[in-house]
Structures are given as C-alpha cells and as structure tokens.
Amino acid sequence: MQLRDYQQQAVDAAVAHFKQSGQSAVMVLPTGAGKSLVLAELARVAKGRVLILTHVKELVAQNAEKVGLLTTAGSIFAAGLDQKDSSAKTVIASVQSAGRNLAQFNQAFSLLIIDECHRVSLDKDSQYQQLFSHLRQHNPTLKILGLTATPYRLGAGWIYQRHYHGRVGSTELATFDCCIFDLPLRPLINKGYLAKPVLLDGLSAQYDFSSLTPMSGMDYSEQQIESVLGKMGRATKLIVGQLCQLAATKQGVIIFAATVRHAEEVLGLLQENGQQAGLLTATTANAERDQLIVAFKAKQLKFLVNVAVLTTGFDAPHVDLIAILRPTASVSLFQQMVGRGLRSSPGKTHCLIIDYAANGYDIFYPEVGSPRPTSKAVPVQVPCPECGFANTFWGLVDSDGDIIEHYGRRCQGLLEHIANAASKQCSYRFRARVCPDCGGENDIAARACQHCQSQLIDPDKRLKEVLSKQHHHLFRCQQMQLSDQQGVLQVQYLDIDGNPFYRHFKLDTAAQRRALYALFVYPHSRTPGLKPKNYQTAGELVADQEKFRMPQLILLKKQAKGWQQLDSFFDYSGRYHNPATFSGSAD
C-alpha cells in the first residue's frame, strides 16, 4: 500500500526526530487524514517492539487492521474485543486494558505510539502515566510519540512545550516535549482527500447561549445549559423540523445534543416526524451501542443523536450532515464534532455542518492555545515588535478584517531552533505587570517577579491599604470619551453613577507628545505591540477613540486643586469590581 505524500512526510519527521532526540513528540493530523496508516508504517520501520495505545475499541480494531496491511500482523490487547495478546512485535492495545494488566507488558518496547494523545494528562495516577512509568522501567530510552487532530486541552493549553515552526506551546502543563509535524486541514480538502465542509449558522432557528460563562479551565456546565434550553423549547422543535427537511437529500446525519435530556427531546421529535433515529449517551450499554452504530453505518438509521460520545474513534464516511446543538468553549471539541463528517465517500461531494449553538469557530484556523475570552473573538495574527514572530492570539476585527483589539500577553516565538535544547521564549510582553522593585516585566497574573523574585503586591491588598487612608478614591469606569478642546485632548471617564474624571494632554511640543504616548496611548491601546499612529493633533486621537480601551479602575488622591491619578488597572479581576465599593465624584 502506497502512503500519501503527507503521510510519508509525517513518518519521515518522526524517524528524523527520534534519530537525534529522546524527547517525546506529537504529530498533528486532521480527522480523516489517515493516522492509522502513519502509525502502521512507523510500526513497520521500527527496529524494536512497538506498542500502539488508544482509548476506544473501535480505534484498536482500526489500527490493528492497518498494521496488518503494512507489516506483520500485530496482536490485540483489548477486553472490549475479547483479545488479550501482547506477544507480537507490534501490540495494539486499549489504555484501560493495558493499565489493568501491567504484568503483561514486562518485555521491553522501543516505541510507544498514543493515538488521540490529547487525552493524556499529567496526573501520575492516570492509567496513561502509570503505564508510561511501567514501560520505562523495562526500557529507560523508550521513544514516545503522540498523534492527534486537536493538540489543545481546555484549561491546560497546548499538549506540547514547543512547535517546530518556532512557537512556544505550554511551558508548564504540556504532556509532550515538542510538536514535530502539523498538517493543516485545507490542503487535504483541496486535494480531494476529505469532503468539503459547508459551515452555516442555524437557519430556521438558533439557540442563544451567549449568556453562558465557561467554568474555570472547563467547558460550560450542564446546569447552565439546561437553564438556557428551558427557555427555548420552540427552538428545538423548529430545528428538528428543518433537519428532517434537509435529511431528505442526505445519506447520514449526526446530531450533537447538549445534555441527555436535550438529546431525548430531539430523539422524540425526530420520531414524531417519522424518522429512523438512534440515541447514544455515556450510559448506553455496549451491546446497544454496537447495534446502533452498525445500523447507522448500514444506513438503516438516517439520524444518530449523541451527547459527547461520537467525537473521537467513530468512522462513518457516508455522514454528510452534522448538526451541532450544543455550546462549547473548546475549539478542539468543535473540530472533533465537525471531523465526523469530513471523510470522503462515494456520491459525497461535501458535508453540511450547521452550528445551531452559534459557537462561531472557524475550522480552518489554528487553535490559539488559550480559552476564548469573548464570543466575538477570532484568531488574529500579531507580529512581535522585538523578534518579528507572527503570533496567533484571540482578538477582535472590524468589518474590513483589521485588528481593533487583541488579548495576547507574551510573544510565543522561540529565539532559537527547536532542535537546540537551549531554545528560549522571546521575552517581549504585549501586556505586563511591572515590578516596583526592579522595573522588570512579568505576566499580568504573576505573584512574584521573575527577575528579582520580589513578591508582587496583590492589587486587592494594595487597594485595601490605600483606601483605608483619607483622601483616596477608587473610580470604577463605565465609559471613556475623547474630545478635542481647542487643540487639547480631553479624556473623560464616567463612573457607574455618571460622575466624571478628566485628564488633559497638550500636543504642541515633542515633549508633550511623548508624555501623551507614555501616559495615554500605550497604556490604553487595544492592540499593544502594534505600532500606533504618529498622532499630531487631538482631533486625530478623537477620530481613533475606538482603538483605545478604558481602564476598569482608576485610583485617585485628593489634592488642593482636584483629584490626582495614582494608578490605572486594565486587567483587574479582584473583589473591588463590586459597585457597592465605590462612591463620590472626581472632577
């Protein structure tokens, strides 16, 4: 069997990496790109024994089939397939079965391959990590390679520390050392290897989940979702009605519901409309699950409704309609859902993907590596003014696609090539917390200075101390307005009660303009790191006032002639957000 060009390139990248390094590695291949053939070819060329791990029996069987096509048949170790044989040169196993039978893996393996490796965590008690430790006891030089379509974990970030394109990943929570191969989705579609996705928002109706806030490091809670869905009963009926109409010209439809109750409602509406449909949840018995999947693949069922079950390890190439009825804060999960419909199949030219939850992700864009800050945020490219690296951050754009704000903190560029163990991350910070002792820049959430190790004063602690004194006031900004006062820039801040505080900047001399940039333009910029205009008049600033962000809080001190600004807080998330804390005017 001849590998496709990109599959051979992936194999070559892995061989080249492990010839020069013992560090763990990740390869990123989109759903439908043929990861099974890549790992099968790696098993063929490996000199020692190979263990291929995955988390579901369907992938164990699929990977074992491909290994048998390219090299000597491997042995399967998976209770779900009623086989527990670890004797062959290549062993394909489920992590659950292998983790419960460590004694069956006492012979040394030279290469460990983890399919769907984004599921691996750093938890020492996890089955993955326990198995890794056991295998290393028998071969300390074990090579570890992960394959995934989605190299990002919600709450942890990138699953690797650095990328071969010269980008930093997650320096603290990464489970792998480096990404050595990363294949975009678009070339596979352009070459006809994958079906073309046609992504639309809800047509006849749409859920409004914009009020939801994801839990820290996690997705939206089921309780939050149920609360919103309870107010949108008619929307579900309209959505299901539209799907029934669209399905008349479709081969297979997968529906991703938000909760079990929601899925049961969708199933009931489908059946009321005379549709043959099945439902899969995490509690569906294995025998029933297998029966439903077989019936769906045989096209005896047109619809398959599920709740977070069919995101990985499911292969039904005939699927040509994906309906997403659930919100998610995870780009990875969204990509996995879409991926279920991208495999090519006879008579299939494209896959219709309808996002009824208005998640708003672009499946062709790279993941950003941090949670989405707002529902309107999109990936934007921001060059570093120091090293020139093209960072991808979350940001906001105008109707012309120009960046009006970005949320990047630090440049993600590596100053030296990935192969050099001394590679360092660029030190430029787009947003920073300055140490009062040494003047060094730190992450805005840092507790200690990375330069002098001084403890950075907690904003709440400092505010509490200052506000306990007389003549100090904390001004909570609700609005900021720029105006031209006979050539002088006036910045008016309004608090929650409509009380104003004013600042004024002259622009007559070079020194005055330098002060303007230091005190207003740079701190208030919504696009830090991007070179601002060379403002010469107050009118120019007023015309661009949408490019400036207001501070959340301003610390003021009473002087004989009015209020003096002591500090501004732009990235504040402490307890002084409470409006009850604030009173008084500043004018």
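Contact here means that heavy atoms lie within 4.5 Å of each other. Keep that idea handy as we walk through this model, which is a predicted one.

Let's start with helix H1, which covers residues 5-20. What should its 16 residues span, at 1.5 Å a residue? The expected figure is 22 Å, and the end C-alpha atoms are 23 Å apart, so the two agree. Now look at which parts of H1 are tucked away: its buried residues are Tyr6, Gln7, Ala10, Val11, Ala13, Ala14, His17 and Phe18. If you look down the axis of H1, these buried residues fall within an arc of 155°, which means they line one face of the helix. Over on the other side of H1, Lys19 and Gln20 are exposed. And what covers the buried residues of H1? The cover includes strand S1 (25-28), helix H2 (35-45), strands S6, S7 and S12, and helix H6 (186-190).

Several of those strands lead us to the next stop, a sheet. Ten strands make up this open sheet, in the order S4-S3-S5-S2-S6-S7-S1-S12-S10-S11, and their pairing is mixed. At its edges you'll find strand S4 (83-84) and strand S11 (167-168), each of which pairs on one side only. As a bit of background, strands of a sheet pair through backbone hydrogen bonds, and they can do so in a parallel or an antiparallel way.

Take strand S6 (residues 111-115) and strand S7 (residues 143-148): five bridges link them, in the parallel sense. Within that pair, Asp115 sits opposite Leu147 of S7. Helices pack on the sheet too. Helix H3 (residues 57-70) touches strand S2 (50-54), strand S3 (75-78), strand S5 (90-94) and S6, and its direction makes about 165° with that of S5. Helix H5 (residues 127-138) touches S2, S6 and S7, with its direction at about 175° to that of S2.

Next, slide along to strand S10, where both kinds of pairing show up. S10 (residues 160-163) runs parallel to strand S12 (residues 176-182), joined by three bridges, while S10 and S11 run antiparallel, joined by two. Arg162 is a handy residue to look at here: its bridge partner in S12 is Cys178, and in S11 Arg162 stands opposite Val168. The hairpin of S10 and S11 has three residues between the strands, and there Gly166 takes a positive phi near 90°.

Now zoom in on a single residue, Ser97, which is found in helix H4 (residues 95-100). Is Ser97 buried or exposed? Its relative accessible area is 3%, and buried means under 20%, so Ser97 counts as buried. Leaving aside residues up to four places away in sequence, Ser97 touches Phe77, Ala78 and Ala79. With Ala79 there's a polar link as well: a polar atom of the Ser97 side chain lies 2.9 Å from the backbone nitrogen of Ala79.

Our last stop is another open sheet, this one made of three strands in the order S19-S20-S21, with antiparallel pairing. Strand S19 (378-383) and strand S21 (403-406) stand at the edges with a single partner strand each, so one side of each has no neighbour in the sheet. On average, and ignoring direction, neighbouring strands of this sheet are turned by 60° against each other. Six bridges join S19 to strand S20 (residues 390-397), and Pro383 stands opposite Ala390 in S20.

Technical notes. Residues are numbered from 1 along each chain as its sequence is written. This is a predicted model: local features need pLDDT of at least 70, side-chain atom pairs count only at pLDDT 80 or more; totals for chains, interfaces and linings use all residues. Side-chain values use heavy atoms; hydrogens and water are left out. Two strands pair if DSSP finds at least two bridges between them. Helices (H or I, at least four residues) and strands (E, at least two) are DSSP runs, numbered from the N terminus. Axes are lines fitted to C-alpha atoms, for helices over the stretch in contact, and angles run from 0 to 180 degrees between N-to-C directions. Buried means under 20% relative accessible area, exposed over 50%, partly exposed in between (1.4 Å probe, protein chains only). A polar contact is a pair of N or O atoms within 3.5 Å; within protein, one must be able to donate a hydrogen and the other to accept it, and residues adjacent in sequence count only if both atoms are side-chain atoms. The expected span of a helix is 1.5 Å times one less than its number of residues. The arc is that of the directions from the helix axis to the C-beta atoms.
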